[in-house]
Amino acid sequence: MATGIAPIEFPPPVQSEKEFIGAFEDAADERIEVGIAIVGGGPAGLACANRLMQLLAEDERLLEQLGEVPVALIEKGRTPGSHLLSGAMMHPSAMKRLYPDLPESDWPTFGTVPTDRVYFMTRKRAVALRPTPPPFRNHGNHVTSIAQLGRFLAQQAEDAGVYILPETAAYKLIVENGRVVGVRTGDKGLGPDGNPLSNYEPGSDVQARVTVLAEGTQGHLTGAAIRHFRLGSGEPQQWELGVKEVWEVQKPLDRVIHSMGWPLRLRAKYREFGGSFVYPMGEDKVSMGFVAGLDYRDATFSVHDVLQEFKTHPMIRDILEGGKRLAWGAKTLPSGGYWAMPRSLSVPGMVMAGDSAGMVNVPKLKGVHLAMHAGMYAAEAIYEALKNGSTDDLSAYDAAVRGSEIERDIYRSRNMRQVFARGFFMGGALANAAEVSGGKLPPGRLHTHDDAGVDVFIGRRHKRYPKPDGKLYFDKLSSVFASGNASRDDAPSHIRIQKNVPLAVALMWENMCPAQVYEVPDEVKEQMAANGGLKDETQVEVHVNASNCIQCGAITAKGGRLTPPEGGEGPNYQIT
Ligand SMILES: Cc1cc2nc3c(=O)[nH]c(=O)nc-3n(C[C@H](O)[C@H](O)[C@H](O)COP(=O)(O)OP(=O)(O)OC[C@H]3O[C@@H](n4cnc5c(N)ncnc54)[C@H](O)[C@@H]3O)c2cc1C
Ligand code: SF4
């Protein structure tokens, strides 16, 4: 079964240094000058913006010094929230810190749920694990739609005076003499060949005293900055892909559900790792999804279809019975944990916060509050640096994160994701040991690996997916429609891949992508069916339908590169 074909051998045509790092392009009087430029309107960026405005509200002199636009937030989605997708069971600590006077009942969440259940699933049965394993205990946490939370935080920020630039992608990091001095936004109105159309608008240089990279998963500028400033820890980041649906249901769900086991195959050779979540969103909705590691091996593995398969289970069918799907979406999250975090979170003029910097507790599936805490620490360090008259040294932010709940939380589970490379049972036993020992076992530093470095083979995983019926089981294209995606068909492709690759890699991309962006030509599939299978290494050409892309980021983990398309493109999530 070992093919020796790994996607990493077919790197995308990208010259990160040349394309994504550069000097100012606009003349000095044409630049947009701001005090602090925040890239990304997710929990990290928005918490940073709000905390900065709280601090500046107490310091009129500094506020004035920062000019007409003290804080600007650049977001590529149609609005902040449009590109946000999460579970989301949110730990309350960050909201409490940001809004100490706002009662929890006024938060934009669906409140807390007293009962947790973790099930080990087989095809027909669900065995509740008792007592609930500690990482899955969610007492006091709030069920949240992060797309709604983002809109709420953006409204607060705007009311406090933050200048929000929606539908704007930060495309290039502007660096002068080893210092980050802003970002350049992407062009708009280009045709498929990259030539300007009649509505062409060139990007602009945004000059800032400090740039905050809060781009979330697979950060485009963050990746370029980590390479340019050599900030990597030496351990590759790893990723999971989550596909999620929101359902209107007939009867309220009375508990928070997590599951492990089926429909994943547990043998080590498949490297299928992950699980499901099903959260009640008030009385009449549930949020459900499946999250799986992107270091799997079978090229026919598809997280979207695994989620459809998950719905064939009697317990899940019962929850959804008579209900209706309201929303769908997908996104990756970093899972390399502590060892894969950048070795430094700041360079002169720039800091990185949230998923951009790998701040996710993977066994608990928690990143929202960690991103918000990081955003607030960034705001506090930037404020102090501005007060002291220089933003060259922002290492106070590093120090704040290193001594905080962010580091403690992620350090405790530092070796947990790695052990699952040994299969579910061995991994489960080692993960339990890690939990019981507070992270001391297994000892030492277990290495992470590049998801794209794992070899892939054409297996038979796809035989198990249910046929879409448009009621309970959905295909990818109708799901993309449910994400509110509206991207121009005639825009230049923002997906970088090698187009001629072995069949195993091409099929892996086709199945991996939840939005049906990659297609192996029909004639190749016909040939496969006719002669009982082409070889994994047969060279084929992949077709790319870039306008379907919902920017989940999986392609960057598995051998290609997502770059930001024109601002405003992509999904328009409302309740994910
Ligand atoms: C399926 C799934 C389930 C999860 N479940 C939970 C959960 O239950 N509880 C929990 O706490 N965490 C959960 N997480 C993790 C959590 O969602 C993240 O940790 C959190 O959203 C990180 O926040 P962030 O602000 O760093 O990034 P994001 O939320 O990703 O926000 C980044 C923002 O930046 C914008 N952006 C990115 N690049 C650019 C650019 N170049 N220019 C302009 N804008 C840009 C994006 O459009 C986006 O709006 C889950 C994640 C997934 C994928
Ligand atoms: S093409 Fe877009 S939607 Fe598909 S895997 Fe890549 S980033 Fe995700």
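Reader: What makes the radius of gyration agree with a compact globule?

Author: This is a predicted model, and its chain has 576 residues, for which a compact globule would come out near 25 Å. The chain has 23 Å, so the value agrees with that rule. Along the principal axes, the C-alpha atoms fill a box of roughly 70 × 55 × 50 Å. Buried residues make up 53% of the 576.

Reader: What share of the contacts joins residues at least 24 apart, if I start from pairs at least 6 apart in sequence?

Author: That share is 80%. The chain carries 16 helices and 26 strands.

Reader: Why is ligand 1 said to lie between two domains?

Author: Look at who supplies the shell. Domain 1 (30-102 + 146-188 + 200-236 + 338-412) and domain 2 (110-143 + 239-334 + 454-562) both give residues to it, so ligand 1 lies between them. The assignment also has a domain 3 (418-452), whose C-alpha centre is 24 Å from that of domain 2.

Reader: Which residues come nearest to ligand 1, and what is the shell made of by class?

Author: The shell counts 46 residues, and G42, G216, G242, G354 and G367 come nearest. By class there are 21 nonpolar, 18 polar and seven charged residues. Elements giving at least two residues each include α2 (43-57), α6 (220-228), β14 (239-248) and α9 (368-387).

Reader: And what surrounds ligand 2?

Author: Ligand 2 has 13 residues around it, with C513, V517, C549, C552 and I555 the closest. Its shell splits into 11 nonpolar, two polar and no charged residues.

Reader: How do you know that L190 is buried rather than exposed?

Author: Count the neighbours: L190 has 20 C-beta atoms inside 10 Å, and buried starts at 20 or more. L190 therefore counts as buried. The residue is found in strand β11 (residues 188-190). Leaving out residues up to four places away in sequence, L190 touches N195, P196, L197, Y200, A491 and P492. The C-alpha atoms of L190 and P492 are 6.7 Å apart, although 302 residues separate the two along the chain.

Reader: N177 and Q218 both have positive phi, so what makes one exposed and the other buried?

Author: Phi is near 50 degrees for N177 and near 50 degrees for Q218, and neither is a glycine. The neighbour counts settle the rest. N177 has 7 C-beta neighbours inside 10 Å, and exposed means 12 or fewer, so N177 counts as exposed. Q218 has 24 other C-beta atoms within 10 Å; with the buried cut-off at 20 or more, Q218 is therefore buried. N177 is found in the loop between β9 (170-176) and β10 (179-185), while Q218 is found in the loop between β13 (205-213) and α6.

Reader: Which peptide bonds are cis, and what are their omega values?

Author: One runs from R130 to P131, with omega near -10 degrees. Another runs from W262 to P263, with omega near 5 degrees. P131 is found in the loop between β6 (126-128) and β7 (142-143), and P263 in the loop between β15 (256-261) and β16 (274-281).

Reader: Which residues have the most contacts inside the largest nonpolar core?

Author: They are I38, C48, V212, A353, A378 and I382, in a core of 163 residues. The largest share of this core, 14 residues, comes from α9. Setting aside residues up to four places away in sequence, V212 touches I36, I38, V39, G45, C48, V351, A353 and A378.

Conventions
Residues numbered from 1 in each chain as written. Chains lettered and ligands numbered in written order. Predicted model: local features only at pLDDT ≥ 70, side-chain atom pairs only at ≥ 80, totals over all residues. Near = placed C-beta within 6 Å. Nonpolar A, V, L, I, M, F, W, Y, C, P; charged D, E, K, R; others polar. Helix = DSSP H or I, 4+ residues; strand = E, 2+ residues; numbered from the N terminus. Rg over C-alpha atoms; globule rule 2.2 N^0.38 Å. Contact = placed C-beta atoms within 7 Å. Domains from an automatic or database assignment. Core = buried A, V, L, I, M, F, W, Y, C linked by C-beta atoms within 7 Å.
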